[in-house]
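Hi there,

I am passing a structure on to you, and my notes come along with it. Please have a look at it first and then read on.

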Amino acid sequence: MRNLSKLILPGQTIGIIGGGQLGRMMAFSAKEMGFFVGILDPTPDCPAAQVADWHIIADYNDELSLLNMSKRCDVITYEFENVDVDGIKYIEKMTHIPQGTIGLSVTQDRLSERSFLESNNINIAPYETVVVVSDIRDSVSSIGFPCVVKTTRGGYDGKGQVVLYSEEDIDKSVPLIQHGPCILEAFIPFVKELSVMIAANQNGDYTIFPIVENIHKNSILQKTIAPVALSQDIVDQIHLTAKIIASGLQLSGVMGIEMFLTEEGTIYVNELAPRPHNSAHYSIEACNFSQFDAHIRGICNWPLPEITLLSPAVMLNILGEQVVDVFAQIPEKKNWHFHLYGKKELKEGRKVGHVTILTENLEETLQEIAETNIWD
C-alpha cells in the first residue's frame, strides 16, 4: 500500500532553494501541475524568481530566512548541490525535505563522492588524495600521465581542475592545491561521455531517462545527443549502476550521473548531481515527461511514469558570448526550440539558455548545426 501521508497535492506550496535556470524550469513544471512556488536566493529578479509566486532574497545559509521559507512551504527542494548542508539540517525537522542531506553531503565533496562510489562497487577512475604539490609528484608514478587534479569542493563547468600531461605541468596545479585538498585522478581514454537521469519517489519507485551522449568544449557542455547507440549489455550496466547509486543516496526527485565509456566497453562513473542536470534539458520537448516533471513528481511522492523518448533530439547550450548569433537564427529556424533563462548579465562562458532540436535524422541535424558556425 502506498504511503499517502507524504503526498503533496496541487494547491500546496513547493519551496526551491536556489534561483538559477534549474529552479526556473522546476518552477515551470510545478506551476503546470497546480502548485504554488517560492524561491530562496540572494539575487534579486533571479531566473527562478521571475516565474515563481514569491521570492525570499537571502543567502542560502541564512537561518532566519530558511525558517521563514519552511513555514511557508509544504515541501522544499534545491536546484544545485552547493546549498548549505547545515542550513538544510536546521529546517529539516520543521518542514518536509524529501531529498534530505545524504546526497548533498556526498556530492559536495569529491572525496566523499569517490568513497561512496567505491563502497558500492561502482567503477571509477583510479585516484589519490593530494594536499601539497609534493603529493602530486609522489602520486603520478602510480596514476600516470595524463592525469587530472581536481579540487574536492566547489568545481563546476571545468573550474577547479587542470589536466597534467607531463612533469612540467605539475606547477599548474599550485592554485588548486592552495585552495584546499584535491584529488589526482587518472585520465580515462574515453570514446564517449555519457549521462543518465534517474528519478525516485519515497515509495522506492524508480524511472530512468534515455542515456545520452555529451560533447564538451573547454570543459563546458556544448551539446547533448539523445539517444546514443549502445549495446544492451552496456545499457543494462548503466541502469543497474543508476539504481545502486539512487538507493545508496536515498534519492527523491531526480539525479544526474555522468560517465565515461571506453573503447573496450567499460563504464566509469565520473560525477553525480543530486538534482536536474543540464544534459537532460532535451527531455522538455523530446520525452513524454521532462526531467523537471519527474523531479516534482518525485519530491511530491507522486507515482513515476515510464519515460518514453518521443523523438531523437539535440540540445545545445547557449553561452553569453553566443546570444547575438543565436538570436540571428530565430527567423531562420522555425523548428528549433529556444529557451532563454532571463539572466541579466551575459557573461562569457556562462550558460544563459539552450536550444532543443527534435529530429528524425541526427546526422543531418548535426550538419545543420555545424553550418551555423556558432557551436564549432
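Below is what I found, starting with the sheet and ending with a pair of helices. Please keep in mind that this is a predicted model.

The sheet is open and has four strands in the order 5-8-6-7, with antiparallel pairing. Strand 5 (127–130) and strand 7 form its edges, each pairing on one side only. On average, neighbouring strands are turned by 20° against each other, direction ignored.

Going through the pairs, strand 5 and strand 8 run antiparallel and share four bridges, with Glu128 opposite Leu184 in strand 8. Strand 8 (residues 182–186) is also joined to strand 6 by five bridges, again in the antiparallel sense. On its other side, strand 6 is linked to strand 7 (residues 161–164) through four bridges, and these two run antiparallel as well. Cys147 is a handy residue to click on: it stands opposite Ala186 in strand 8 and opposite Leu164 in strand 7.

Strand 6 deserves a closer look. How many of its five residues are buried? Five of the five residues in strand 6 (residues 147–151) are, so the strand is largely enclosed by the rest of the structure. Cys147, Val149 and Thr151 point one way, while Val148 and Lys150 point the other way, and all are buried. You will notice that Lys150, a charged residue, is among the buried ones.

Two helices go with this sheet. Helix 5 (residues 110–119) lies across strand 5, strand 6, strand 7 and strand 8, and runs at about 150° to strand 5. Helix 6 (residues 133–143) packs on the sheet too, touching strand 5, strand 6, strand 7 and strand 8, and its direction makes about 175° with that of strand 5.

Now to the helix pair. The axes of helix 2 (residues 63–72) and helix 3 (residues 85–92) come within 10 Å and cross at roughly 45°. Because of that angle, helix 2 counts as oblique to helix 3. The crossing of helix 2 with helix 3 is right-handed. Which residues meet there? Helix 2 brings Glu63, Leu66, Leu67 and Ser70, and helix 3 brings Gly87, Tyr90 and Ile91. By character, the residues of this contact are four nonpolar, two polar and one charged.

I hope this gives you a good start, and do write back with any questions.

Best wishes

Terms used:
Residues numbered from 1 in each chain as written. Predicted model: local features only at pLDDT ≥ 70, side-chain atom pairs only at ≥ 80, totals over all residues. Heavy atoms only, no water. Axes fitted to C-alpha atoms, helices over the stretch in contact; angles between N-to-C directions. Parallel < 35°, antiparallel > 145°, perpendicular 65-115°, else oblique. Left-handed = near helix turned anticlockwise from the far one by under 90°. Contact = heavy atoms within 4.5 Å. Buried < 20%, exposed > 50% of the residue type's maximum accessible area, 1.4 Å probe, protein only. Pairing = 2+ DSSP bridges.
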